[in-house]
Amino acid sequence: MKKRKHQSSFAIQSLSAGISITMVLLLLGLMVFCMLSAHTLSRYVRENIGFSVVLSNDMKKPEALKLHEQLSKMPFVKEATFISKEDALQEQTVAMGTDPSEFLGFNPFSASIEIKLNAAWANNDSIAWIEKQIKLNNGVISINYPQDLLDSVNTNIQKISILLLGTAILLTLISFSLINNTIHLTIYSKRFLIHTMKLVGAGWGFIRRPFIVHNLKIGVFSAIVADIVLGILAGALLRYDADLKEIVTTTNLFIVFALVMLSGICISVLCAYFSMNKYLRMKADDLYYI
């Protein structure tokens with residue numbers, strides 16, 4: 001009866017430890033997910049801030065198309081779209097609701113090449129260099145890009161990244177501390193059994209093994225539960241807004257799931273190892289005063 005009661009108490013402690021570790025891993029996973037999503041969002045925003053290369057009216061269409069082809073092959077270009085004078089007039093006619101050429105007597109718009117940059121090049125220094133290179137072509141009149149918007153995006157991204165990184169480091173330390181305390185309590189109830197095993201000559205490795213394996217199982221189970229919950233939350237986000245698929249990517253989710261699993265395994269095993277060493281070093285008399 002006493003043995004059954006002791007086993008029941010240990011099972012409850014293990015369940016409590018599993019729930020606590022799951023909650024900590026879930027919180028850690030959410031923070032990592034936010035960090036990765038912020039990085040993906042910043043990349044998406046920067047790659048969708050484009051600029052216009054306005055071409056001279058004297059440039060023939062074959063020359064303009066050749067320039068478009070050359071720019072498309074440049075390493076800083078993610079996407080380049082050629083817009084002819086006729087296409088520009090049609091777009092503005094739709095936007096304004098009237099055809100400017102009807103009362104002006106000519107097409108007032110110039111052909112242009114709309115460029116979207118790769119994220120790594122979407123900063124003012126890089127764009128200044130790109131602008132110089134493109135303007136080497138005599139057929140280019142001007143290059144227009146939203147400098148203020150780009151400055152604002154890069155500044156905000158830097159601030160958010162620093163904030164999330166600091167929060168993630170702090171949360172990792174807190175997670176380790178909480179999981180360590182939780183596992184420490186489960187081993188605490190077995191401190192006299194550990195001492196008894198020492199008395200009969202069992203080695204430290206032999207004594208530690210079942211406790212580490214037990215807590216490893218708790219860590220894996222907790223990580224699986226946390227990953228399932230994170231997957232459900234990600235699915236709910238995508239159902240709420242399908243456009244979020246540009247941010248909630250499969251790659252990001254895989255990284256989060258893997259990191260949560262790795263954290264559950266590593267932290268559980270390390271905490272069990274250090275907690276076991278504490279009791280293995282203690283003398284019998286000290287076990288009654290902790």
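The largest cavity of the structure is lined by R46, I49, G50, F51, L117, A122, I127, Y145, P146 and L150. In this predicted model, the space enclosed by the largest cavity amounts to about 40 Å³, and a search of the whole structure returns one cavity of 30 Å³ or more. By residue class, the lining of the largest cavity comprises eight nonpolar residues, one polar residue and one charged residue. Since Gly is counted among the polar residues and Arg among the charged ones, the polar member of the lining is G50 and the charged member is R46.

Aromatic contacts were examined next. The structure contains four aromatic pairs. One of these is formed by F76 and W129, whose ring centres are 6.4 Å apart and whose planes stand at 90°, an edge-to-face arrangement. Because F76 is located in the loop between α2 (61–72) and β2 (77–83), whereas W129 belongs to helix α5 (residues 124–134), this pair ties together parts that are 53 residues apart in sequence. The two partners can also be described by their accessibility: F76, with a relative accessibility of 4%, counts as buried, while W129, at 42%, counts as partly exposed. The assignment of F76 follows from the cut-off, because buried means under 20% relative accessible area, and the value for F76 is 4%. Through ring pairs, F76 and W129 are further linked with W121 into a cluster.

A further aromatic pair involves Y273 and F274, for which the ring centres lie 5.6 Å apart and the planes meet at 75°, so that this pair is likewise classed as edge-to-face. The classification rests on the angle, because planes over 60 degrees apart count as edge-to-face. Y273 has a relative accessibility of 33% and counts as partly exposed, and F274, with a relative accessible area of 48%, is partly exposed as well.

Attention then turned to T98, which is placed in the loop between α3 (85–96) and α4 (100–104). The relative accessible area of T98 is 34%, and this residue is therefore partly exposed. When residues up to four places away in sequence are not counted, T98 touches Q92 and T93. With respect to K60, T98 is separated by 38 residues in sequence and by 27 Å in space, C-alpha to C-alpha.

How values were computed. Residues are numbered from 1 along each chain as its sequence is written. This is a predicted model: local features need pLDDT of at least 70, side-chain atom pairs count only at pLDDT 80 or more; totals for chains, interfaces and linings use all residues. Side-chain values use heavy atoms; hydrogens and water are left out. Rings of Phe, Tyr and Trp (its six-membered ring) pair if their centres lie within 6.5 Å; planes under 30 degrees apart count as stacked, over 60 as edge-to-face and the rest as tilted. Helices (H or I, at least four residues) and strands (E, at least two) are DSSP runs, numbered from the N terminus. Buried means under 20% relative accessible area, exposed over 50%, partly exposed in between (1.4 Å probe, protein chains only). On a 1 Å grid over the protein atoms alone, a cavity is a set of points where a 1.4 Å probe fits but cannot get out, and a pocket is an open set with protein on both sides within 12 Å along at least five of seven lines; lining residues have an atom within 4 Å of a point. Grid points are joined across faces, edges and corners, and a volume is the space filled by probe spheres set on the points. Contact means heavy atoms within 4.5 Å.
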